[in-house]
Amino acid sequence: MKNENKTRQYAAITAVGHYVPDKILSNADFEKMVDTSDEWIRERTGIRERRILENGATSDMAAKAVENMLKNRGIGPDEIEIIIVATVTPDMLFPPTACIVQEKIGAKKAWGFDVSAACSGFVFALVTGMQFIESGAYKKVVVVGSDKMSSITDYTDRNTCILFGDAAAAVLLEPSTDPNLGILDHRLYCDGSGEKYLHMKGGGSLNPPTHETVDKKWHYMYQDGKAVFKVAVIGMADVSVEIMKRNNLTSDDVDYLVPHQANLRIVEACGKRMGIDPSKVMINIDRYGNTTAATIPLCLSEWWLAGKLKPGSTLILSSFGAGYTWGAILVKWSIESPKG
Ligand code: COA
């Protein structure tokens, strides 16, 4: 266990913030768009509504989330050293969305880059950001998960369109020498054989945009939901249990499971496998759907704002997504509750 080393520098989450667009797309709205029903969507996914960004791009949501996070920390943008944006819906293939965010928030001294790991994007980016802090080279690293999933959703495909929404959320990483605060352990995985079940075929170097790629709808995401469902349950549950075992944690030791919100049934199965009481599983999929890289930090931000997280709270962040990619992170929460 890493936290036995008292001289180690830990990456602590010292601030959190989020942004969700105002426009709500409800299940009733989908009943008018495709052959579906509110009942089917709620029973099969747990989703009631999701947010849609009508104007703007992924960077706009990311910038607002970072600004809210900075306000919560009480510091200005010029203190940020690195910005890492996890996204599968970058504003453009290049430049990196992180650079656009840097310009929008005026973080003049920061450099940055994007991480593309689909629904595991935030987890992979958080572990990446952690390295810069643990190495001692940097003191303020921003990690943002931001996705405008509505920009790659086919709203005539009932299999996928009901699942996704738009949102962004950000955390700040800073060094801590307290072995009981910060990111303590992680396990990350990928399996490229999953590519055929969850992907967006067009727009990259394999299938550059043509009239044909547009006609074939290759610029929208494709998912074989049933195939992904099975591996997502196993992947998320296994890695979460693995992180508990590696750190000798019982279900009583875990204050919250912070799962990627892809489907309520996957989230509940994961909590069950870990033996965790349902009240300790963060769930907001009912209000936002699957916001890809934003789901996990959005949960963190909402639960912190609600005063449910306290310094020392033990959290397991867990994700599964396209690639396949999956992973879990053990975090000791560091921020005082805003409610005192
Ligand atoms: N409304 C009504 N019926 C729908 C529907 C909708 N929105 N979407 C699919 N259906 C139909 C299907 O066409 C199918 O009909 P059929 O039996 O006549 O072919 C039936 O419902 C059952 O479909 P199935 O795919 O078995 O449903 P499911 O219980 O697996 O739920 C998902 C579908 C997509 C919700 C679910 O598979 C899922 O959440 N998958 C994984 C998502 C995930 O974890 N992604 C990873 C990270 S993003």
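Okay, let's start with one residue: A28 is partly exposed, at a relative accessible area of 38%. For the cut-offs, buried is under 20% relative accessible area, exposed is over 50%, and partly exposed is in between, using a 1.4 Å probe and protein chains only. A28 sits in helix α1, residues 27-33. Helices here are DSSP runs of H or I with at least four residues, strands are runs of E with at least two, and both are numbered from the N terminus. A28 and D38 are 10 residues apart in sequence, and their C-alpha atoms are 6.0 Å apart in space.

Quick word on what we're looking at. This is a predicted model, in which local features need pLDDT of at least 70 and side-chain atom pairs count only at pLDDT 80 or more, while totals for chains, interfaces and linings use all residues. Residues are numbered from 1 along each chain as its sequence is written, and side-chain values use heavy atoms, with hydrogens and water left out.

Now the overall picture. The protein has 11 helices and 13 strands. Its radius of gyration is 19 Å, close to the 20 Å that the globule rule gives for 340 residues, so the protein is as compact as a globular protein of that length. That radius is taken over C-alpha atoms, and the rule is 2.2 Å times the number of residues to the power 0.38. Along the principal axes, the C-alpha trace spans about 60 × 45 × 40 Å. Of the 340 residues, 55% count as buried. And if you take contacts with a separation of 6 or more, 76% of them come from residues 24 or more positions apart. Contact here means heavy atoms within 4.5 Å.

On to helix packing. Two packed helices are described by the angle between their axes and the distance between the axes. Axes are lines fitted to C-alpha atoms, for helices over the stretch in contact, and angles run from 0 to 180 degrees between N-to-C directions.

First pair: α3 (residues 58-73) and α4 (residues 97-105) pack at about 55 degrees, with axes 9 Å apart. That makes α3 and α4 oblique to each other; under 35 degrees would be roughly parallel, over 145 roughly antiparallel, 65 to 115 roughly perpendicular, and the rest is oblique. The α3/α4 crossing is right-handed, and the convention is that the near helix is turned clockwise from the far one by less than a right angle, with anticlockwise being left-handed. Who makes the contact? On the α3 side we have T58, S59, D60, A62, A63, V66 and E67, and on the α4 side T97, I100, V101, K104 and I105. Those divide into six nonpolar, three polar and three charged. Nonpolar is Ala, Val, Leu, Ile, Met, Phe, Trp, Tyr, Cys and Pro; charged is Asp, Glu, Lys and Arg; the others, Gly among them, are polar.

Second pair: α8 with α9 (residues 264-274), at about 35 degrees and again with axes 9 Å apart. This crossing is right-handed too. From α8 come F229, A232, V233, M236, A237, D238, S240, V241 and M244, meeting R265, I266, A269, C270, R273 and M274 of α9. That contact has 11 nonpolar residues, one polar and three charged.

Let me zoom in on S240, in α8 (residues 225-246). Buried or exposed? S240 is at 0% relative accessibility and counts as buried. Beyond neighbours within four places in sequence, S240 touches L257, C270, M274, I316, S318 and A328.

Then there's α11, residues 295-305: 10 of its 11 residues are buried, so the helix is largely enclosed by the rest of the structure. Among the buried ones are W303 and W304. G307 comes after α11, with a positive phi near 75 degrees.

Last stop, backbone oddities. Most residues other than glycine have a negative phi, and most peptide bonds are trans. Two cis bonds to point out: F94 to P95, omega near 5 degrees, and G323 to Y324, omega about 0 degrees. P95 is in the loop between β4 and α4, while Y324 is in the loop between β12 and β13.

For positive phi outside glycine, A118 is near 50 degrees and K217 is about 65 degrees. A118, in the loop between β5 and α5, is buried at 11%. K217, in the loop between α7 and β10, is partly exposed at 39%.
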